[in-house]
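Grab your viewer and work through a few exercises on charge pairs, helices and strands. Try each task yourself before reading the solution.

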Amino acid sequence: MKIDYDLLKSLLTILEEDERVEVRTNDLRTKLNKNITDEQFVGHLLELNDNGCFDCQVKDLGFSRTINSGYITSNAPIRLTAQGRQFLDALNNDTVFNKLKNFSVKTAIEAGKSLLNAVITQGFQ
């Protein structure tokens, strides 16, 4: 699956803008309001989870595979972490976003911090 950075940004934005500390996966899917497959939704959530962008007490965010290659969900609560907020800050900067979108999520998170710091430092000079 190819990573869609616009989708990652949308998911993180919904988590950040929600007034609740935790958002349930079903609510997140409803608020996303994008025409994507379950595979894309689950894959991108798991990618963010694998990279520490949010916290969930339920293993694999409550997703489990069915025999038909679909997913069963448990509507697990997820919480945006400091790492997720930093990554969203980087994605919200157009200059940084355009440089990151061709890398793996792990690399983008690491590079995003450095690039965003550079942009911020330039703004102060």
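**Exercise 1: salt bridges**

Glu16 and Arg85 form a salt bridge, with 4.0 Å between the closest N and O atoms. The two sit in distant parts of the chain, 69 residues apart: Glu16 in helix α1 (residues 5–17) and Arg85 in helix α4 (residues 82–92).

Before going on, some ground rules. This is a predicted model, so local features need pLDDT of at least 70 and side-chain atom pairs count only at pLDDT 80 or more, while totals for chains, interfaces and linings use all residues. Residues are numbered from 1 along each chain as its sequence is written, and side-chain values use heavy atoms, leaving out hydrogens and water.

Task: find how many salt bridges the whole structure has, and look at what some of them link.

Step 1. Set the criterion: a side-chain nitrogen of Lys or Arg within 4 Å of a carboxyl oxygen of Asp or Glu. Searching the whole structure with it gives 6 salt bridges.

Step 2. Go through the pairs. Arg29 and Asp38 meet at 2.9 Å, N to O. Asp55 and Arg79 meet at 3.8 Å, N to O. Asp55 belongs to strand β2 (residues 54–55) and Arg79 to strand β5 (residues 77–80), so this pair ties together parts 24 residues apart in sequence. Here helices (H or I, at least four residues) and strands (E, at least two) are DSSP runs, numbered from the N terminus.

Step 3. Look for a network. Salt bridges link Asp18, Arg20, Asp27 and Lys31.

Step 4. Check accessibility (buried is under 20% relative accessible area, exposed over 50%, partly exposed in between, with a 1.4 Å probe and protein chains only). Glu16 is partly exposed at 34%, and Arg85 is partly exposed at 38%. Arg29 comes out partly exposed at 25%, as Asp38 does at 45%.

**Exercise 2: helix α3**

Task: compare the span of α3 with the expected one, then list its buried residues and what they pack against.

Step 1. Helix α3 (residues 38–50) has 13 residues. The expected span is 1.5 Å times one less than the number of residues. From first C-alpha to last, α3 reaches 18 Å, close to the expected 18 Å.

Step 2. Phe41, Val42, Gly43, His44, Leu45 and Leu48 are buried in α3.

Step 3. Using contact (heavy atoms within 4.5 Å), the buried residues of α3 pack against α1, α2 (25–32), β2, β4 (71–72), β5 and α4.

Step 4. Peek just past the end of α3: Gly52 has a positive phi of about 75°.

**Exercise 3: the sheet and α1**

Task: work out the strand order of the open sheet, then place α1 relative to β5 and α3.

Step 1. Strands pair if DSSP finds at least two bridges between them. The open sheet has 3 strands in the order β1-β5-β2, with antiparallel pairing. Its edge strands, each pairing on one side only, are β1 (23–24) and β2.

Step 2. Between β1 and β5 there are 2 bridges in the antiparallel sense. Arg24 stands opposite Pro77 in β5.

Step 3. Fit axes as lines to C-alpha atoms, for helices over the stretch in contact, with angles from 0 to 180 degrees between N-to-C directions. α1 lies across β1, β2 and β5, at about 90° to β5.

Step 4. The axes of α1 and α3 come within 10 Å and cross at roughly 70°. That makes α1 roughly perpendicular to α3 (65 to 115 degrees; under 35 is roughly parallel, over 145 roughly antiparallel, the rest oblique).

Step 5. Name the side that touches: Leu7, Leu8, Leu11 and Leu12 in α1 meet Gln40, Phe41, His44, Leu45 and Leu48 in α3.
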